[in-house]
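Subject: Structure handover

Hi,

Here is the structure I promised to pass on. Have a look at it first, and then read my notes underneath.

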Amino acid sequence: MNQELVKYGTYIGALMIIVSFILYLVNISSQAISQNIIYIIMALGLVMSLKYYRDNQLDGFMSFGKVFSSGISITFFFSILFAVYQYIMFKVDPNMINQIMEEAIQELYNSGQSEENRSEEHTSE
């Protein structure tokens with residue numbers, strides 16, 4: 001495993017954790033907004049890391065297989081870091097899970113479908 005890929009994954013994971021914690025502290029009410037911000041950080045961080053890795057470690061050329069395997073490696077490391085952070089946050093604030101569930105239920109009602117209708121659709125398929 002290339003140490004550069006571990007470093008990039010750690011940087012992206014740390015940035016995701018910092019931004020997520022700031023959003024938690026300022027009490028962003030919409031879970032969807034928070035998720036979209038984190039997804040943007042993931043995507044931009046991955047693209048920038050792969051480009052930097054290609055330009056500075058591989059002399060400007062990277063095969064598809066190398067891009068794919070390097071992207072998987074970077075993603076693995078930032079995902080592990082963020083999963084540990086999420087686990088700690090759910091332990092620190094157990095009410096967070098209830099808030100997320102309530103928001104999801106509210107989105108179902110706003111879309112015009114109740115929980116029963118959604119579960120009936122999935123069981124009939």
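Below is what turned up, going from the core outwards to the charged side chains.

One thing before you dig in: this is a predicted model.

**The core**

Let's start inside. The largest nonpolar core has 17 residues, and the ones with the most contacts inside it are M16 and I74. Helix 1, helix 2 and helix 3 (64-92) each put at least two residues into this core. Which helix gives the most? That would be helix 1, with 6 residues.

M16 also comes up in a pairing across the sequence. Its C-alpha lies 9.0 Å from that of Y39, with the two residues 23 apart in sequence. Y39 belongs to helix 2 (residues 31-57). Is Y39 buried, exposed or something in between? Its relative accessible area is 47%, so Y39 is partly exposed.

**Aromatic rings**

There are 6 aromatic pairs in the structure. I'll go through two of them. As you know, a ring pair is described by the distance of the centres and the angle of the planes.

The pair to look at is Y8 with Y52: the ring centres are 5.9 Å apart and the planes sit at 90 degrees, so this one is edge-to-face. Y8 is in helix 1 (residues 3-25) and Y52 is in helix 2, so the pair ties together parts that are 44 residues apart in sequence. The two partners have different surroundings. Y8 is buried, because its relative accessibility is 5% and the cut-off for buried is under 20%. Y52, on the other hand, has a relative accessible area of 46%, so it is partly exposed.

The other pair is F76 with F77. Here the centres are 5.3 Å apart and the planes are at 80 degrees, so this pair is edge-to-face too. F76 is partly exposed, with a relative accessible area of 49%, and F77 is also partly exposed, at 22%.

Back to the tyrosines for a moment: Y8, Y52 and Y53 are linked into a cluster through ring pairs.

**A nonpolar patch on the surface**

What is on the outside? I18, F21, I22, Y24, L25, V26, I28 and I33 make up a nonpolar surface patch, and together they have about 720 Å² of accessible area. Helix 1 contributes the largest share of the patch, 5 residues. One residue of the patch to click on is Y24, which lies in helix 1. Y24 is partly exposed at 32% relative accessibility.

**Salt bridges**

A search of the whole structure finds 3 salt bridges. Side chains of opposite charge can pair when their charged atoms come close.

In helix 1, K7 bridges to E4, with the closest N and O atoms 3.3 Å apart. These two are 3 residues apart in the helix, so about one helical turn separates them. An α-helix has 3.6 residues a turn, so residues three or four places apart point the same way. K7 is partly exposed, with a relative accessible area of 31%, while E4 counts as buried at 18%.

In helix 2, K51 forms a salt bridge with D55, and the closest N and O atoms are 2.9 Å apart. K51 and D55 are 4 residues apart in helix 2, so they too are separated by about one helical turn. Both are partly exposed: K51 has a relative accessibility of 46%, and D55 has 31%.

What else does D55 bridge to? It forms a salt bridge with R54, where the closest N and O atoms are 2.8 Å apart. R54 is partly exposed, with a relative accessible area of 28%. Through these shared partners, K51, R54 and D55 are joined into one network.

**The far end**

Last stop is helix 4 (residues 95-110). Its 16 residues reach 23 Å from the first C-alpha to the last, which is close to the 22 Å expected at 1.5 Å a residue. Just after helix 4, G112 takes a positive phi of about 95 degrees.

That's the tour. Shout if anything is unclear.

Cheers

How values were computed. Residues are numbered from 1 along each chain as its sequence is written. This is a predicted model: local features need pLDDT of at least 70, side-chain atom pairs count only at pLDDT 80 or more; totals for chains, interfaces and linings use all residues. Side-chain values use heavy atoms; hydrogens and water are left out. Buried means under 20% relative accessible area, exposed over 50%, partly exposed in between (1.4 Å probe, protein chains only). Rings of Phe, Tyr and Trp (its six-membered ring) pair if their centres lie within 6.5 Å; planes under 30 degrees apart count as stacked, over 60 as edge-to-face and the rest as tilted. Patches are made of residues with over 30% relative accessible area and no salt bridge: like charges are joined within 9 Å, nonpolar side chains (Val, Leu, Ile, Met, Phe, Trp, Tyr) within 5 Å. Accessible areas come from the Shrake-Rupley method with a 1.4 Å probe; for residues, only the protein chains shown count as cover. A salt bridge is a side-chain nitrogen of Lys or Arg within 4 Å of a carboxyl oxygen of Asp or Glu. The expected span of a helix is 1.5 Å times one less than its number of residues. A nonpolar core is a set of buried Ala, Val, Leu, Ile, Met, Phe, Trp, Tyr and Cys residues joined through side-chain atoms within 4.5 Å.
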